[in-house]
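Reader: I should be grateful for a close look at one part of this structure, namely the region where the two chains meet. Please give a connected account that defines its terms along the way.

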Amino acid sequence: MKAQQRYWEDVSEGEELANFQIEINARRAYLDVSGSQDWYPPHHDAEFARKAGHAGIFMTTGFTQAALVRVLTDWMGDEGFLKRLSFEMRRQQRPGDTMTCRGRVTRKYIEDGRHYVDCEVWAESEREGMTTPGRAVVALPSRESAG
Amino acid sequence: MPYDIEAVRREYIGMEFGKSRGRYPVEYDPIRRHCHMVDDRNPLFLDPEYAAGTQWGGVIAPPSGWLAMYFASLGPWPPAFEALVPVVPAPGKQIVNLSQDVEWFDVIRVGDHLSVVRRIADVYQKAISIDPEAVWVVSESTITNQRDELVCVVRNTLLFHRTPGEVAAAQ
């Protein structure tokens, strides 16, 4: 789905970014290994994961990052540029969870002539609450520049 | 011989790994699979005809540090996960990725050919619930394209820990 273009002037601090949910199940775990090419066994081998001290298999960093990136790219539009994303893998997303990904604008500002927006972005689940907090800096086009 | 974190820190912090080039140029299908896993249907990442009409002139990769590392590394097969991980001695061999910080300077286009230089930025020992001797490794990967233009810098924190069985056996 094409992302609607977001312009800096139209953004408000406190604005919520559109959220989405992903059901974490066996099929999703296979899609994760396919999409991330992360073959580390705790992500697909339940016995290996339990021996390593985990409750079971859990989703990869690549998967989690892709979901957080999607929150931002769905929102910012084709002309937006993700300047920075940092996140912490504090809790695991595991089969049986529903992963909800959300974001919020925390600040908008101009620096060196570029129009920036800071966002909080995170993943959560019903089981764990917030699993993956993150922060992002997005550069957006300005209506003045576009006009 | 007991594990000596100070000796490991002296030897490894600042160690830089030579520049390595991705096995293949950036391709459509790994981007498609990456998007598929999180139901990302953005045509900028998936539809060449649509993307050609944008300011980028063609399909670009979603700005994921993981995907950038993938394209700058060994490619889709055979799997070679360990080559992506800085080899730092630790009591445990189990790995958990804890955090990532990615700063972007350019987009990744289909057809680009990425390279990476990796550096160990920090190593320290800090207990976790299942292993009092877990080792944390911070690495910094600088990714460039075929024109030696800086694409992104990925700062990653990995945890190396022992299994509960290994911890029990060591006590």
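**The joint between the chains**

Author: Trp104(B) has Cys152(B) as its bridge partner in strand 5 of chain B. Strands here are DSSP runs of E with at least two residues, helices are DSSP runs of H or I with at least four, and both are numbered from the N terminus. This is a predicted model, in which local features need pLDDT of at least 70 and side-chain atom pairs count only at pLDDT 80 or more, while totals for chains, interfaces and linings use all residues. Residues are numbered from 1 along each chain as its sequence is written, and chains are lettered from A and ligands numbered from 1 in the order in which they are written.

The bridge at Trp104(B) belongs to an antiparallel pairing of strand 2 of chain B with strand 5 of chain B (residues 150-161), which holds 10 bridges. Two strands are said to pair if DSSP finds at least two bridges between them. Strand 2 of chain B (residues 94-104) also runs antiparallel to strand 2 of chain A, to which 5 bridges join it. Within strand 2 of chain B, Asp101(B) stands opposite Ser86(A).

These pairings belong to an open sheet of 10 strands with antiparallel pairing, in the order 1(A)-3(A)-4(A)-5(A)-2(A)-2(B)-5(B)-4(B)-3(B)-1(B). Its edges are strand 1 of chain A (16-23) and strand 1 of chain B (16-21), each of which pairs on one side only. From one strand to the next, the twist averages 20°; this angle is taken on a scale from 0 to 180 degrees between N-to-C directions, with axes fitted as lines to C-alpha atoms, for helices over the stretch in contact. At the chain A edge, strand 1 is joined by 6 bridges to strand 3 of chain A (residues 98-111), and the two run antiparallel. There, Leu17(A) is partnered by Gly103(A) of strand 3.

The joint extends beyond the sheet: 36 residues of chain A are in contact with 36 residues of chain B. Contact means that the C-beta atoms of two residues, placed from the backbone, lie within 7 Å. On the chain A side, helix 1 (26-36), helix 3 (61-76) and strand 2 (81-88) each supply at least two residues, and helix 3 gives the most, with 10. The residues of this side comprise 15 nonpolar, 10 polar and 11 charged; Ala, Val, Leu, Ile, Met, Phe, Trp, Tyr, Cys and Pro count as nonpolar, Asp, Glu, Lys and Arg as charged, and the others, Gly among them, as polar.

Helix 3 of chain A lies across strands 1, 2, 3, 4 (114-125) and 5 (129-139) of chain A together with strand 2 of chain B, and runs at about 55° to strand 3 of chain A. Of its 16 residues, 16 are buried, so helix 3 is largely enclosed by the rest of the structure. A residue is buried if 20 or more other C-beta atoms lie within 10 Å of its own, exposed if 12 or fewer do, and partly exposed in between, with C-beta atoms placed from the backbone. Just after helix 3, Gly77(A) has a positive phi, near 85°.

The largest nonpolar core has 62 residues, and Ala67(A), Leu68(A), Leu72(A), Val138(A), Ala68(B) and Leu114(B) touch the most other members. Such a core is a set of buried Ala, Val, Leu, Ile, Met, Phe, Trp, Tyr and Cys residues joined through C-beta atoms within 7 Å. Helix 3 of chain A gives the most to this core, with 9 residues. Leaving aside residues up to four places away in sequence, Ala67(A) touches Ile22(A), Met99(A), Cys101(A), Ala123(A) and Val38(B).

Helix 1 of chain A has buried residues Arg28(A), Ala29(A), Asp32(A), Val33(A), Gly35(A) and Ser36(A). Their cover includes strand 1 and helix 3 of chain A, along with helix 2 (28-36) and helix 5 (65-72) of chain B. Leu31(A) also lies in helix 1, but with 19 C-beta neighbours inside 10 Å it counts as partly exposed. Beyond residues up to four places away in sequence, Leu31(A) touches His36(B) and Met37(B). Immediately after helix 1, Gln37(A) takes a positive phi of about 55°.
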